[in-house]
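Please open the model in your viewer and keep the sequence panel beside it. The tour below goes from one selection to the next and says what is to be found at each stop.

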Amino acid sequence: MTRQLTIGAAQLGPVNRSDERGAVVERLLALLHQGERRGVELVVFPELALTTFFPRWYVDDLTETDHFYETEMPNAATQPLFDEARRLGIGFALGFAERTLDSTGATTHRYNSQILVERDGSVVATYRKMHIPGHADHEPDRPFQHAERHYFEPGPDGFGVWHAFGGLVGMAICNDRRWPETYRVMGLQGVEVVLIGYTTPIHYVPDPSQDALAGFHNRLVMSSGAYQNGTWVVGVAKAGPEEGVELLGQSSIIAPSGEVVAQTLTTRDELITATCDLDWCARYKQTLFDFDRYRLPEHYTRITAQRGVIEPPRLTEPPSDPRGQQ
Ligand code: CDT
């Protein structure tokens, strides 16, 4: 008997600024019910699923955007999702903006978060996004903002992996998926399935030459992360034209081989499913990527010792430019 887990990637089409939480939760429930009909045990929803992607607008005073954040989970708006999922025996991962006070009650923290809920309704964990992309200051020359660094601070907890759904489950959010360290830190905890919500504008303002490659890069990073760590990866988009910004779809379920086993066809609300054999991970974890046998951590110290690039010293002076000689 292998450990089989049927997972649904519940892509969402656009959520507009004027959309009420209740209407969005209705859409999540419709996807959950589709999942039930297809025998799903875990449904993964996108990053910031309950609201529009509000970092595309800049406001000086963060408190003006407090309504985009959840202060508790579940809350009145999301309770129907929690209740129905528990009734159906389906677990889920849900991305949302979180606003919370620290233990002293004096400091407010704003995180880009994703909660993981087991089939019995118990909360497994809340992951808070680490790699916060974009900019912190207003950049008025952009066609739209990506001010995530204004709206969110990096999560304080690192990349966890949890015993859940009969296996080892990790979480990451959007830009985290582009960084190999994200998967490796989870791989070193034996992760067998990584759940990733994302919201990726196809137009990359700092370098539009990358626009045509948005789908390629999306697949490249998630397939590599899956293969190099012998894990399933489930990447779920908020897709389509949201408030005038075209968001990448291509939500996918990727096997430990790096192969995409299911991918969305639309940029609307769409559920794709796959039955994921968690024991398949061992084929990679015990062979090519047998970490215990083959990794060389003594040669990887730069990865944690430094942040940016430090070029090696030159051993010889560079040859002088003959054109500069008289
Ligand atoms: N939401 C998110 O993290 N999006 C980023 C876009 C980066 S462009 C500033 C991503 O990596 O897809």
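Two strands are said to pair if DSSP finds at least two bridges between them, and helices (H or I, at least four residues) and strands (E, at least two) are DSSP runs numbered from the N terminus. This is a predicted model, in which local features need pLDDT of at least 70 and side-chain atom pairs count only at pLDDT 80 or more, while totals for chains, interfaces and linings use all residues. Residues are numbered from 1 along each chain as its sequence is written, and side-chain values use heavy atoms, with hydrogens and water left out.

**Stop 1: strand 3 and its partners**

Select strand 3 and strand 4 together: they run antiparallel and are joined by ten bridges. Within this pair, Ala-97 stands opposite Asn-112 in strand 4. Moving to the hairpin of the two strands, you will find six residues between them, and Gly-105 there takes a positive phi near 80°.

Now add strand 2 (residues 42–44), which pairs with strand 3 (residues 91–101) in the parallel sense over three bridges. Here Leu-42 has Gly-91 as its bridge partner in strand 3, and Val-44 stands opposite Ala-93. Is strand 3 largely enclosed or not by the rest of the structure? Eight of its eleven residues are buried, so strand 3 is largely enclosed; buried means under 20% relative accessible area, exposed over 50%, and partly exposed in between, with a 1.4 Å probe and protein chains only.

**Stop 2: the whole sheet**

Widen the selection to the open sheet of six strands, whose order is 5-4-3-2-1-14 and whose pairing is mixed. Strand 5 (123–128) and strand 14 (270–277) stand at the edges, each with a single partner strand, so one side of each has no neighbour in the sheet. From one strand to the next the twist averages 30°; axes are lines fitted to C-alpha atoms, for helices over the stretch in contact, and angles run from 0 to 180 degrees between N-to-C directions.

**Stop 3: two helices on the sheet**

Show helix 1 (residues 21–37), which packs on the sheet and touches strand 1 (4–11), strand 2, strand 3 and strand 14, where contact means heavy atoms within 4.5 Å. The direction of helix 1 makes about 40° with that of strand 14. Helix 2 (residues 79–88) also packs on the sheet, touching strand 3 and strand 4 (108–117), and its direction makes about 150° with that of strand 3.

Which residues of helix 2 are buried? They are Leu-81, Phe-82, Glu-84, Ala-85 and Leu-88, and what covers them includes helix 1, strand 3 and strand 4. Just after helix 2 comes Gly-89, whose phi is positive, near 70°.

**Stop 4: strand 7 and strand 8**

Select strand 7 (residues 167–173) with strand 8, and you have a pair in the parallel sense over five bridges, in which Met-171 stands opposite Leu-195 in strand 8. Strand 8 (residues 193–198) is mostly covered, six of its six residues being buried. Val-193, Leu-195 and Gly-197 point one way from strand 8, while Val-194, Ile-196 and Tyr-198 point the other way. In a regular strand the side chains alternate between the two faces of the sheet.

**Stop 5: helix 4 against helix 5**

Turn to helix 4 (residues 180–187) and helix 5 (residues 214–229), which pack at an angle of about 25° with their axes 9 Å apart. The two helices are therefore roughly parallel to each other, since angles under 35 degrees count as roughly parallel, over 145 as roughly antiparallel, 65 to 115 as roughly perpendicular and the rest as oblique. In the contact, Tyr-183, Arg-184 and Gly-187 of helix 4 meet Val-221, Met-222, Gly-225, Gln-228 and Asn-229 of helix 5.

**Stop 6: Val-161**

Finish at Val-161, which lies in strand 6 (residues 161–164) and counts as buried because its relative accessibility is 16%. Leaving aside neighbours within four places in sequence, Val-161 is in contact with Leu-168, Val-169, Gly-170, Met-186, Gln-189 and Val-191.
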